[in-house]
Amino acid sequence: MKLYSKGQLIKTVVAAVVVSVVVSSVILKKVYSKSESRNQNNTEVSTELDSDSQLETVQNDSKPFEIEALNLELNSTAINPINTGNAYYTQDELQNINVYDACNEAVVNINTMVTAYDWFLEPYVQDGGSGSGSIIDKRGYILTNVHVIQDASQIYVSLYDGSQYEAEVVGQDFDSDLAVLKFTPPANLQLKTISFGDSKALKVGQKVIAIGNPFGMERTMTTGIVSGLGRPIQNSNKRIIRNMIQTDAAINPGNSGGPLLDISGKMVGINTMIISSSGSSSGIGFAVPSETAVRVVADLIKYGKVQRGTIDAVLVQNNSRIARYAGLDVSSGMIVSELARGGKAEAAGLLGGKESVRYGSSIIKLGGDVILKIDDITVSTLADYYSALESKRPGETVTVVVRRNKKDVTLKIKLVES
């Protein structure tokens, strides 16, 4: 075994390091030379393509996907951001930002307190529901949904700055699920408001924006499109609301009562409900159109209720059990049990029942007409009846199709105040 001194070991290590450095330099020089050669070849290919030469002139060892990638990059059109001074935004982003800046301070968070009873039937107050609302008037009027404030003993609205005020119900309309609240703002507070837009001008595919308080996250903004128009949807109050706006803008619990906006910041709908198996947004949300809201809000502020026309008769929901007993050939529609004596419906020729029978805890009369249609809207249930008359005013005349002696009869009936 051969031994080495300490000095010999040091010399051997130093020599090995020097050899390694020299070899690495040679290898790097060769790699760099090949890279330069490839870059020159790529430049030549690019030059040939730019000068409209044929692809056949490219050498056989060139890779086709590299050429395709080069052409894609040359032909692609970038989205040009807009310089706002401090940042760059796309046109779509600017629309979103502008709508949010203009409207978010007019969206309020609504929380309610409800009265409950303990085991000893003693009343106590507990937290109720929560939702959203839109300030529609600088005097403190707020538009929201009926189901947001339903059964509330106290209602509180929170503004964008965190301040909270108690509000009172001005009026509520179950047929449209719309309610108007009012709070008294301080004299030095200038409220921001949201204006109504034209829901009749909406098109499927049009961009819409929702602002609300989903899961308590105040003034959250989501975007989407109008997914459908004219949808008849039954709400939580078992009323069918016609002409609902369907949207895929994310709407979750807490969004109810908040505004659905167009890109100009106008309220075209009031977010009301979702269809979901999980209870959260699944891309199918619905809003009451502003066309309905404008009419309802005007009446609620002026009268405390909606001035809506109705047929002056006592109606009973038809079903298969009643139809069998009465010998009717239809098992749906609204049975005319009684008429207001000397009323508009009686004058129009509508017939009431003659045979009094007990139905549950009530006495109804059978043998009269069965209402099947009102102005071409099929009336199968009480919800259909309310829906068909939702937009009708007292004094208007409607076309009513009734079933009488197993034949359809058409009548013109003037509506009275409900």
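Let me begin with a term: a residue is called buried when its relative accessible area is under 20%. With that in hand, and keeping in mind that what you have in front of you is a predicted model, I would like to start from strand β8, which is mostly covered, four of its five residues being buried.

Strand β8 has a partner in β5, residues 141-145, and the two run antiparallel and are joined by five bridges; within that pairing, Ile142 stands opposite Leu181 of β8. Strand β7, residues 164-173, is also antiparallel to β8, again with five bridges between them, and here Glu168 has Lys182 of β8 as its bridge partner. The hairpin that β7 and β8 form has four residues between the strands, and in it Asp177 takes a positive phi near 60°.

Lys182 deserves a second look, and the question I would put is over the face of which residue Lys182 lies. It is Tyr141, with Lys182 at 5.6 Å from the ring centre. A second arrangement of this kind involves Arg239, which lies over the face of Tyr386 at 4.4 Å from the ring centre. As for rings paired with rings, the structure holds two aromatic pairs.

Moving along the chain from β8, we come to the loop between β8 and β9 (207-212), where Ser199 has its place. Is Ser199 buried or exposed? Its relative accessibility is 9%, and therefore Ser199 counts as buried. Leaving aside residues up to four places away in sequence, Ser199 touches Ile245, Val268, Pro289, Ser290 and Glu291.

Let me turn now to helix α8, residues 382-389, which is largely enclosed by the rest of the structure because six of its eight residues are buried. Those buried residues are Ala383, Asp384, Tyr385, Ser387, Ala388 and Leu389. Three of these names, Tyr385, Ala388 and Leu389, come back among the contacts of Ile374, which also touches Ile311, Val379, Val398, Thr399 and Val400 when residues up to four places away in sequence are not counted. Ile374 itself is found in strand β20, residues 370-374, and counts as buried, with a relative accessibility of 0%. Between the C-alpha atoms of Ile374 and Tyr385, which are eleven residues apart along the chain, the separation is 7.8 Å.

After α8 comes a loop that leads to β22 (397-404), and Lys392 is placed in that loop. Lys392 is a buried lysine, its relative accessible area being 17%, and its side chain makes a polar contact of 3.0 Å with the side chain of Asp375. Beyond residues up to four places away in sequence, Lys392 touches Gln307, Arg308, Gly309, Asp375, Val398 and Leu415.

Strand β22 in turn is joined to β23, residues 407-414, by eight bridges, and the two strands run antiparallel; Val401, for instance, has Thr410 of β23 as its bridge partner. Two residues lie between the strands in this hairpin, where Asn405 takes a positive phi near 50°.

I will finish with helix α3, residues 91-103, as a check on geometry. At 1.5 Å a residue its 13 residues should span 18 Å, and since the C-alpha atoms at its ends are 18 Å apart, the model agrees with that expectation. Leu94, Asn96, Val99 and Cys103 are buried in α3.

How values were computed: Residues numbered from 1 in each chain as written. Predicted model: local features only at pLDDT ≥ 70, side-chain atom pairs only at ≥ 80, totals over all residues. Heavy atoms only, no water. Phe/Tyr/Trp six-rings, centres within 6.5 Å; stacked < 30°, edge-to-face > 60°. Lys NZ or Arg CZ within 6 Å of the ring centre and 35° of its normal. Buried < 20%, exposed > 50% of the residue type's maximum accessible area, 1.4 Å probe, protein only. Expected span 1.5 Å × (residues − 1). Polar contact = N/O pair within 3.5 Å; in protein donor to acceptor, adjacent residues only side chain to side chain. Contact = heavy atoms within 4.5 Å. Pairing = 2+ DSSP bridges.
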